[in-house]
Amino acid sequence: MVSRFLTALALGAALIASPAMAKDEAPAPAPKPLTYTVNAEQSVDRENILYLDLSNGGRVAIRLMPEWAPNHVERIKTLVRQGFYNGIIFHRVIDGFMAQTGDPTGTGQGGSPLPDLKAEFNAIPHVRGSVSMARTNEPDTANSQFFIVFYPRFALDHKYTNFGRVIAGMDFVDAIVRGEPPQNPTKIVQASIAADNKAAPAPVAPAAPAAITADMLSNSTSN
């Protein structure tokens, strides 16, 4: 009788414990799939649109994607609002590949005073207009430098943190002067977040050519 009672208790305990055990073994929910498309409408979510006013006279609009890389997007917005990017050149521009900026020293070796970021690699492809963080050979070394892709480079996927895409002004990106570094580099005159409603800086007028006088023509040494 005692044996049967103990057996019944054991079975009861097993039945009571089973739901908890089943709960512990339940599979984790699948991660939410990332949105590959970006909204090109500049009136929508202006807190996540970056404007780059370039020295070539153009304004580039970049849709920032916190869903892809929240910490990197937050870093970019923090530095933009500090005025960090204003006046910084595109120091490494490779034709058919990408244009890189974000180093205040212009050498490719510098960054911001903020700590490096932990990588947020994702499955978003590096297509024309993708904006991604530069880093060293170590994965967790992105800081302030970023690059804009001229043509698709899928070899960069899962290896660099893709955090946004150009939604307007790609022709001005195409016009960035090439070189490593360029002889006459294109610079970011002003970086701003669309929600802050900063006007584009007034374009700098080119220097007027020297006036030609009658004396200069009469004293010309040309044939």
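User: How much of the protein is buried, and what makes a residue count as buried?

Analyst: In this predicted model, buried residues make up 37% of the 223 residues. A residue is called buried because its relative accessible area is under 20%.

User: What is the accessible surface of the protein, and what share of it belongs to carbon and sulfur atoms?

Analyst: The surface comes to about 13000 Å². Carbon and sulfur atoms hold 59% of that.

User: How many helices and strands are there, and in what pattern?

Analyst: The protein has 4 helices and 8 strands. Along the sequence they run α-β-β-α-β-β-β-β-β-α-β-α.

User: Why is the pair Phe84 and Tyr85 called edge-to-face?

Analyst: Check two values. The ring centres of Phe84 and Tyr85 are 5.1 Å apart. The cut-off for a pair is 6.5 Å, so the two rings pair. Their planes meet at 85°. Edge-to-face needs over 60 degrees, so the name fits. Phe84 and Tyr85 are both buried.

User: What makes Phe146 and Phe163 an aromatic pair, and of which kind?

Analyst: Their ring centres are 6.3 Å apart, and the limit is 6.5 Å. The planes stand at 85°, so this pair is edge-to-face. Phe146 belongs to strand S6 (residues 146–149) and Phe163 to strand S7 (residues 162–168), so the pair ties together parts 17 residues apart in sequence. Phe146 and Phe163 are buried.

User: How many aromatic pairs are there in the whole structure, and which residues form a cluster?

Analyst: The search finds 4 aromatic pairs. Ring pairs link Phe84, Tyr85, Phe146 and Phe163 into a cluster.

User: How do you know that the charged end of Arg135 sits over the ring of Tyr160?

Analyst: The charged end of Arg135 is 4.5 Å from the ring centre of Tyr160. The distance cut-off is 6 Å, and the charge must also be within 35 degrees of the ring normal. Arg135 is listed as sitting over the ring. Arg178 sits over the ring of Phe150 in turn, 4.2 Å from its centre.

User: What makes a set of residues a nonpolar core, and which residues have the most contacts inside the largest one?

Analyst: Members must be buried nonpolar residues from a set list, joined through side-chain atoms within 4.5 Å. The largest core has 32 residues. Those with the most contacts inside it are Leu50, Leu52, Ile62, Tyr85, Phe146 and Phe163. Helix H2 (residues 70–81) gives the largest share, 4 residues. A second, separate core of 6 residues includes Phe97, Met98, Ala134 and Val149.

User: Which residues does Leu52 contact, leaving aside its neighbours within four places in sequence?

Analyst: Leu52 is in contact with Gly58, Arg59, Val60, Ile62, Phe146, Ile148, Ile188, Gln190 and Ala191.

User: How do you know that the reach of H2 is close to the expected value?

Analyst: H2 has 12 residues. At 1.5 Å a residue, the expected value is 16 Å. From its first C-alpha to its last, H2 reaches 17 Å, which is close.

User: Which residues of H2 are buried, and what do they pack against?

Analyst: The buried ones are His72, Val73, Arg75, Ile76, Lys77, Leu79 and Val80. They pack against several strands, including S1 (49–54), S2 (59–64) and S8 (188–193). Gly83 follows H2, with a positive phi near 80°.

User: Why is Asp45 called partly exposed?

Analyst: Its relative accessible area is 41%. Buried is under 20% and exposed is over 50%, so Asp45 falls in between. Asp45 is in the loop between helix H1 (2–24) and S1. Its phi is positive, about 50°, although Asp45 is not a glycine.

User: Which peptide bond is cis, and what is its omega?

Analyst: The cis bond joins Glu180 and Pro181, with omega about 0°. Pro181 is in the loop between helix H3 (170–174) and S8.

User: Why is Ala168 called partly exposed, and what does it touch?

Analyst: Ala168 has a relative accessible area of 23%. That value is not under 20% and not over 50%, so the label is partly exposed. Ala168 lies in strand S7. Not counting residues up to four places away in sequence, Ala168 touches Gln42, Arg59, Val60 and Ala61.

Notes. Residues are numbered from 1 along each chain as its sequence is written. This is a predicted model: local features need pLDDT of at least 70, side-chain atom pairs count only at pLDDT 80 or more; totals for chains, interfaces and linings use all residues. Side-chain values use heavy atoms; hydrogens and water are left out. Rings of Phe, Tyr and Trp (its six-membered ring) pair if their centres lie within 6.5 Å; planes under 30 degrees apart count as stacked, over 60 as edge-to-face and the rest as tilted. Buried means under 20% relative accessible area, exposed over 50%, partly exposed in between (1.4 Å probe, protein chains only). Helices (H or I, at least four residues) and strands (E, at least two) are DSSP runs, numbered from the N terminus. Accessible areas come from the Shrake-Rupley method with a 1.4 Å probe; for residues, only the protein chains shown count as cover. Contact means heavy atoms within 4.5 Å. The expected span of a helix is 1.5 Å times one less than its number of residues.
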